[in-house]
Structure formats: structure tokens, C-alpha cells
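Hello,

Here is the structure for you to look over. My notes come after it.

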Amino acid sequence: MKWATSDHHWGHWRLNTTYCRETRGFPSLEEMNAQLIARWNESIAPDDEVLLVGDVFVSRRMTLDEKVGILRMLNGRKILIRGNHDDDLTPFELAGFESIVDQIWMPEERILVIHKGPDPRYAPEELAIQKELGALLTVHGHDHRHNVPDNPGCFNVCVDRWELRPVPWTAVEERLAGMHGITPDSHHRME
């Protein structure tokens, strides 16, 4: 199975307590990190493919070993689509990520996977890429607001919009096919 997810921000205390207090708000950073790992592994099997659409760590306090340790705990064959906070690629390389890229273009489906969703105000470069490629759907993260609908032609896989869980690729395919009624609860892997 294939999955997409983004914006875990492991190690980012202010995201937990301030910016995303409504969707996170854990009593400690350790609890936030543990819950993100647990919810990932509840959904994703060891052989599943995962598109990790950026902003994995936001912490200068976390050591390289801590970062690699978290990444190695996560199920799946992982591909990183770099986000604006993913400057140090060493943890991903050491954790055995299959690939590290800035974007993925799927020409048959006309799907673009990129960290920032195209927006003329905040992400004009991404908007230009979307238009140039003729993407029908852009799968992205970056926007943590859980109570805002997706822009037309976009599908946001930020964990804060999906109860801190990864999104099955079937939800992306359904959006592309024009299906409605997709919710986080309707797409968890069944055992």
C-alpha cells in the first residue's frame, strides 16, 4: 500500500503547545513524539511505500542519533520530499530512505507531490511548477490549519489535518477521481 504524510515536526515544542495546540497539545514533547510514531505505525506496514512530504524535524536540540532513531522506528519504505525545514539530510540518509527529492511528478496521473501547496500569495514558485506541469492535483503539506478546506486542485496531507495519521494514497486517487466525503476515519488500514 502507498501513503502520504507531512509536517510531523518531531522535537518542535512550540508547535505542540502554541501553533497546533488544538490538534496536538500533548503534556510533553516525548509524548507528542511517541504518539506521532505510534499513529504512523498503526497505519503503515513495514513494506508499504510512504511519501513523507517534508518538515520532519524542527529542533536544534535533537541530536543526530535521536533523529535517526525516530526515523528507524517508522514502518515503511520511505521517500522524503523536502520541506522548508529539511536542511540537514544526514538523518534521512543514515536511516535508509530510498530517495530524497524536492518534488515528485507523476505524469500519467498528472499528480505533483511537493511540500508547499501552490498559492499565489505564499508559494508562487510552487504555483508556477503546478501550472507548468499541468498538474490536475497537487499533494502537499506545510499548511497545518485543520479547519480550512483544501484549495481547488490541492490535497493537504499534513498530519494536523488527519488526526496525526498518514493518509492512504487511495484518498488521493479518490480526490483525483472527483469523489467526495473523504475523512480521516474512513481510510485507516484495516487489520
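Below are the notes on one sheet and two pockets.

Please keep in mind that this is a predicted model.

The sheet first. It is open, with five strands in the order β4-β3-β2-β1-β9 and mixed pairing. The edges are β4 (99-101) and β9, each of which pairs on one side only. Strand β1 (residues 2-5) runs parallel to β2 (residues 49-52), and four bridges join them. Here K2 sits opposite E49 of β2. With β9 (residues 167-168), β1 runs antiparallel, over two bridges. W3 has P168 in β9 as its bridge partner. Towards the other edge, three bridges link β3 (residues 77-81) to β4 in the parallel sense. L80 is partnered there by I100 in β4.

Now the pockets. The largest has a volume of about 500 Å³. It has 20 lining residues, and F57, V58, S59, R60 and H85 are the closest to its centre. Helices α1 (13-19) and α4 (90-94) each supply at least two residues of this lining. The largest share, three residues, is from α1. By class, the lining holds eight nonpolar, five polar and seven charged residues.

The second largest pocket encloses about 410 Å³ of space. Its lining counts 18 residues, with D119, Y122, D143, R145 and N151 nearest the centre. Two or more residues each come from β7 (137-141) and β8 (154-156). This lining splits into five nonpolar, six polar and seven charged residues.

Best wishes

Key:
Residues are numbered from 1 along each chain as its sequence is written. This is a predicted model: local features need pLDDT of at least 70, side-chain atom pairs count only at pLDDT 80 or more; totals for chains, interfaces and linings use all residues. Side-chain values use heavy atoms; hydrogens and water are left out. Two strands pair if DSSP finds at least two bridges between them. On a 1 Å grid over the protein atoms alone, a cavity is a set of points where a 1.4 Å probe fits but cannot get out, and a pocket is an open set with protein on both sides within 12 Å along at least five of seven lines; lining residues have an atom within 4 Å of a point. Grid points are joined across faces, edges and corners, and a volume is the space filled by probe spheres set on the points. Ala, Val, Leu, Ile, Met, Phe, Trp, Tyr, Cys and Pro count as nonpolar, Asp, Glu, Lys and Arg as charged, and the others, Gly among them, as polar.
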